Structure formats: structure tokens, C-alpha cells
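User: I would like a close look at one part of this structure, with the strand pairings set out in order. Please keep to what the model shows.
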Amino acid sequence: TLDASVTIDQGVTIEFSRTSGDYAKFIRVRYKNSVGTTLATDSAANTEYVRFMERATPLANVKIIEIYPYGTNNAYRHARVLDVYVDGVLWDGANIKSATIIEEIDLSLATIPGNELRFTLYDPSGGFSIVDPGGIYASLAENQRVDAYEFVDTDRIYMGRFYLKDWDSVSENIASFKCVDALSLLERIEYLGDLFIDTATNVLDTIMADVSFIDHDIEIDLASISIDGWIPITNIREALHQLAFAIEGYVTCSRSKKITIKKADLIDDISVWDYDLSYSDIRKGHKITQRPLVTGIDIISHGFEENQENLTYSYVYRNTNIPTGNYVIKHPEYISTYLAYLSTSAITVPPTPSASSANSFTFEVTTSGSINILLYRKYTHSKERYFQGATGLPANVPDNIMIIENTTFINNSNVEDTAQRALDYAAQRYKAEIGLFASSISVGDSAKIDTLSGKELWGVVEKVEIDMVSGFFQKVVAIGEIH
């Protein structure tokens, strides 16, 4: 049963288990609407582990899809269905010529990098021809969903959800693809911002309120942290960055179907380690480098004080004739504005905002006429510089100051802790780059890694580049300390 009624444009793909070695010899797919009425039935013989049951024509108002596998290729056995893909095609095995996933997080909290999937496919039927209107290439569209899986031995590992960004037909048989994760899509969605005094989980829910294509979550240790500050007009990805930075978290959707804010642990915070990697575990490549020394943190804290008198104002409309319709007024320079509506006789009732925030308001005009709208500055935005210097530095070391300016959830109550956390992270100066085969290690995992002279690098994985075709080889980058 689907979450909502949909139109099935292409059909369904059914995947059987290669591990058990069984597939159904005959498949029937029945489509029904929300009240259980059969809309269409497709049937076909089968000799494959992955079978695409193509629809002859699109089918609207589908709520229920029933799949009936009959018989198996092995007598007296049951066929195990691993997955069903609606309007999707499953590519696997020899038809995937190359596939690389890059997962990345930034525990300095300076950015929220996204993940990327690149792959090349082979289609023996020539479906990648750019001049074939009925081929696969013609059906491709930006932001089409792509779910990636990897088999390690007999284990099927979910590698994440991606969205098609770029594709290119190399020939009628070969095409290359680039996909990005949900964070890249959120960067394209405007967020109007607001002033907040609330918990982190409520602020997260507000930021993601209009996002329906992916779920979101926050680790329990971060959920109840108090937030006091402002988000200007920006995009949803940057709004998540502001929130995560203030609560010492990072944003990721690696190997998941949802976006999660997780705690950005420092080495001293870790008591139980996810991996202990000896030289025998490291199959290819072993490089240790040292990052530049940071001598101090220069950070701006932000305050928002309500004006009690002498409110300054600006006209949005002044004796302006506007037609009926819905209007969104953005006023980023007037943080948390008090709104006054002054109308002429043509509009007897001033428009009332249907939605408003510190940076914008929305209203509807039902009768056209001349209107005046004033914006009053209600809050003053103050900034204060705070400096935290590193201790125990070598003599005559040159200054290397990290500057943090536009984090508007940082205020007088949390600026000191934020600066110290940034300094503590910068003190984790060692970077390990190693190669692993068929490991389940992922970004955010902690690891002890063997190094030279009997020492270990204790670090957290911040980047993994995975070759999904050549033995699940992983290039792993971890940041930490030598012990």
C-alpha cells in the first residue's frame, strides 16, 4: 500500500534474492485504487532475479500494488522478494561499469558538505541513444531518485539515497551519471528565516516544515538544547548549518533515507571506539599528515534587543495601487519587523498577514486599490567580538587566527563554549588517509588507526570514497590525535 495515490508511468521492478538462488517463474502485478477496485493487471513469465514489469500505458490513482509470484526456478522452494521499485529500473552486475560514492562531513562545523554518487552504465539494447524518443535516455530527468546498494559477501548494504543532477550519453550503449544527496536539493529551496527562542528539535521542525521529499531527525543529546537567535533569509541547507553549528552538531544523510543532525564528537568525548584498525586491516595506502596550527579563534556573537521607542520605518507601498492577489514582502534589513498597514478608502479593511516571520510577511488583497504599508524596525541587531587564544604554543609561532562571523545563533551565553570547541577541534591536527576493502566504516565513525613507532591515531572519519565495482575499496580520511 502506497502512502498516497500516484500515477504509475513505467511499471514496477521486482528484485529476488541472489543469495538464496531463487526467483519466481511467473509474476502477476495487480494495481488497485484506494477503495480496492482493480485498475489493471500485468502478467509475464520470468527467468531473472530482477524483473521490470513494464506498463503499456500510464495508470492514474494507484494506491495498492499486489504482486503474485508463481512457482520458482528451484522445486519446493519459496522465492524471496528483496525489494520492489515503483517507476524505477534496477541496474546491477556487469551492466554497472563504474560506481563511486563520496561521503563527507566537516567536524570543524564550518560547512555541511554533501555526498555524491557517480556511475557509468551499459545497456546492451542501446537505450542511451540521445535520438531515441522511446529509450532510457529520453526518460531521464533532473532530481530523479537513485537508491544505491552494495553486496559484501552475502550482505546487502544500503549506501544511500541520491538525486540525478547530470548525465551524458557516451554512446547508445553507455551513459555516465552524477547524483547528489538531499542536502544539495535543500540548497535550492529558499527559507525565509525568523527569530527563535526555542529548543533545537522545534527549530529543526520549523526549518524543515515545507520539505516533504525527505524525513529529518536529531540525536536525543542535541534535541533539547536551547536556541536563541536569528536566521536571515537564506536556503534550507544554510539554515540547517546555522542550527547545527550552534548545538555542536553536524548534518548528514549518509547511508540513510533521512537527514539527521548528529553530535560532533571530539576525541576526548569518545569512550567506546567503533573500529580498531591494525596494519593488517589497511590494504592499500597509509599516509599521516599534520594540519596547520591554529593559534586562536575570533568569533562574533549576536544580540537582538527590542526597540522601545523611536522606531525607524520604511515604506513598502506608499499610495500604490495594487491588484488583488497574494503578496510576499521580504524585509531582511528589518529584523523582526512590527508591521503597520495604512489603507485608503479603496480598501476598507487592511490586509492581514496569513504568515509572517522576522524577515517577511505574506498577505492577500481581495479588493484592489491604493495602499500604504509601513515596516517598523522592532529589534536592533548588535554584534560583539570575542577572542579565545590557544595555550601552550611554541615560542615565536606565527599567528593563524580562525575567524567565525555569520553564525547568528551564537550569543553571549554560548560564544565562549563555541570558541573553545572550535579551538579544541583545531588542536586535533593529524590526518590519516588509509585504504580498506569491504569495510562497513562510514563518516562519523570513530577509529584507532595503527601508525609508525608503535603509536595510534585516534580520530573520527570525515570522508570516505568508495569504489563500488572494484571490490568495495574505500579511501578513508580520519582527523584526530596521536596517542
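In the hairpin of β34 and β35, which residue takes a positive phi, and how many residues lie between the strands? Please go on from there to the neighbouring pairings, and then to the open sheet of β30, β23 and β31.

Analyst: The model is a predicted one. In the hairpin of β34 and β35, the residue with a positive phi is Gly471, at a value near 75°, and five residues lie between the two strands. β34 and β35 (residues 473–482) run antiparallel and are joined by ten bridges. Within this pairing, Val464 has Val476 of β35 as its bridge partner.

β34 also forms a hairpin with β33, again with five residues between the strands. In that turn Ser453 has a positive phi, of about 60°. Strand β33 covers residues 446–450 and pairs with β34 in the antiparallel sense, over five bridges. Here Ala447 is placed opposite Gly459 of β34.

A further pairing brings in strand β9, made of residues 96–104. β9 and β34 (residues 456–467) are antiparallel and share five bridges. Ile101 stands opposite Ile466 of β34 in this pairing. β34 is thus paired with β9, with β33 and with β35.

The open sheet is made of three strands in the order β30-β23-β31, with mixed pairing. β30 (379–389) and β31 (401–404) stand at its edges; each has a single partner strand, so one side of each is left without a neighbour in the sheet. Neighbouring strands of this sheet are turned against each other by 20° on average, direction ignored.

Strand β23 spans residues 296–306 and pairs with β31 in the parallel sense over four bridges. In this pairing, the bridge partner of Ile297 is Met402 in β31. Helix α6, residues 415–426, lies across β23, β30 and β31. The helix runs at about 155° to β23.

One more feature involves β31, the strand in which Ile401 is placed. Ile401 has a relative accessible area of 33%, and because this falls between the limits of 20% and 50% the residue counts as partly exposed. Together with Phe387 and Ile403, Ile401 makes a nonpolar surface patch of about 280 Å². In a regular strand, side chains alternate between the two faces of the sheet.

Notes: Residues numbered from 1 in each chain as written. Predicted model: local features only at pLDDT ≥ 70, side-chain atom pairs only at ≥ 80, totals over all residues. Heavy atoms only, no water. Pairing = 2+ DSSP bridges. Axes fitted to C-alpha atoms, helices over the stretch in contact; angles between N-to-C directions. Contact = heavy atoms within 4.5 Å. Patch = residues over 30% accessible without salt bridge, like charges linked within 9 Å, V, L, I, M, F, W, Y side chains within 5 Å. Areas by Shrake-Rupley, 256 points an atom, 1.4 Å probe, with all protein chains shown as cover. Salt bridge = Lys/Arg side-chain N within 4 Å of Asp/Glu carboxyl O. Buried < 20%, exposed > 50% of the residue type's maximum accessible area, 1.4 Å probe, protein only.
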